[in-house]
Amino acid sequence: MGRGKSRKPPEISSGSMADIAFLLLIFFLVTTTIANDKGILLQLPPPPDPNIVQEDIKIPERNIFKILANSQDQLLVENEPFTATMDELKEEVKKFVLNFGEPGAEGVEVYNSLPPSLKAYVNKNGKSPLSSDNPVSKAIVSFKAQRGTSYELYINVLDAINAAYNEIYAERVGITVDEWLTLDRDDDIQKDMYDRARNGIPRAISIAEPD
Amino acid sequence: MSKFKKSSNTSNDIPTAALPDIIFMLLFFFMVTTVVRKADILVKQKIPRATQLTKIERKSLVSYLYIGEPVNASLFGTEPKIQVNDVFITEKDIIQFVNQEKDKLSEVERDQITMSIKGDIEVKMGIVSDIQQELRKANARKVLYSSIKKIKD
């Protein structure tokens, strides 16, 4: 009995616990990939209704910013070959959208709601009679690719157009582009900010069908 | 000599008792953050890079379309193909696929379905535009061009 009292309770050795955990860790490291669910969002137009005859709507040339891409991945921007970087394309789009050539009542209202930095931008670069009237209902960015255009170029151009719009929106509410992109629309304050930025300047991107 | 020897009688073992805990913490982190991929990708996937990325808020609304050159070129040729789930489909089957995916969602969510296009950068626009036409017909008009964050230089 005396010997029994001095006996220690049985113990499971836990020295190899770390090894087992390591093994599992390495298994998960190797087998899984972190899901990538980010990308450029685009809303496609509704399908053409066969019952309604398509009417040709005449939009003045100055209100359309035309970007064409051919099968050799060459760009034609506003009827001129474009060889500069995508950053410059973004600037061109930005200038076009914020032109306010012939704003009218709705355009003036949007212009007055802009922060001073954007007003200065408009006064410096915009007000050209050859470019868009106002961003409210007139300015449209049109992008047409051909069947042979590479998907990479398509994404790059789409990215540049979106970048131009996002920069305008972000500057309008006084945040950076990165903050703009991570705005959570379920949050009321952030949703209000989002609506204020987009009010009057819709993202008018037209993706034409390739020939 | 004896002077130096005396000072070194402290034990210089690092206690390793907390090591399993640290490893478990890492393990749980990886288990939680990673998603096991459901489908085997049978096409080449070199996702384009872009800067203006938006994140999908609700993953349950997303269906994936993989476009690219088949990996197994000897079996499937080198023409870019469309893959959904585990199989190759043609453009004509897209409407059917979209309807299948919509059936999985509840009625109020059906209009919000997002099609994530995972295109290889070497794919041409012809096939992408054909898919878009079919998606318009199937009334799945929210499209996400899956891309990776571009590092600005």
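Strands S1(A) and S2(B) pair in the antiparallel sense over two bridges, where strands (E, at least two residues) and helices (H or I, at least four) are DSSP runs numbered from the N terminus and pairing requires that DSSP find at least two bridges between two strands. Within this pair, A:Lys38 stands opposite B:Lys55 in S2(B). The model is a predicted one, in which local features need pLDDT of at least 70 and side-chain atom pairs count only at pLDDT 80 or more, whereas totals for chains, interfaces and linings use all residues. Residues are numbered from 1 along each chain as its sequence is written, while chains are lettered from A and ligands numbered from 1 in the order in which they are written.

The wider setting is an open sheet of seven strands with mixed pairing, in the order S2(B)-S1(A)-S7(B)-S6(B)-S3(B)-S4(B)-S5(B). Strands S2 (54-55) and S5 (87-89) of chain B stand at the edges, each with a single partner strand, so one side of each is left without a neighbour in the sheet. Helix H6 (residues 151-172) of chain A packs on the sheet, touching S1 (38-43) of chain A as well as S6 (114-119) and S7 (142-146) of chain B; contact means that C-beta atoms, placed from the backbone, lie within 7 Å.

Between the chains, 41 residues of chain A are in contact with 45 residues of chain B. To the side of chain A that touches chain B, helix H2 (17-31), S1 and H6 of chain A each supply at least two residues.

Methods
Contact = placed C-beta atoms within 7 Å. Axes fitted to C-alpha atoms, helices over the stretch in contact; angles between N-to-C directions.
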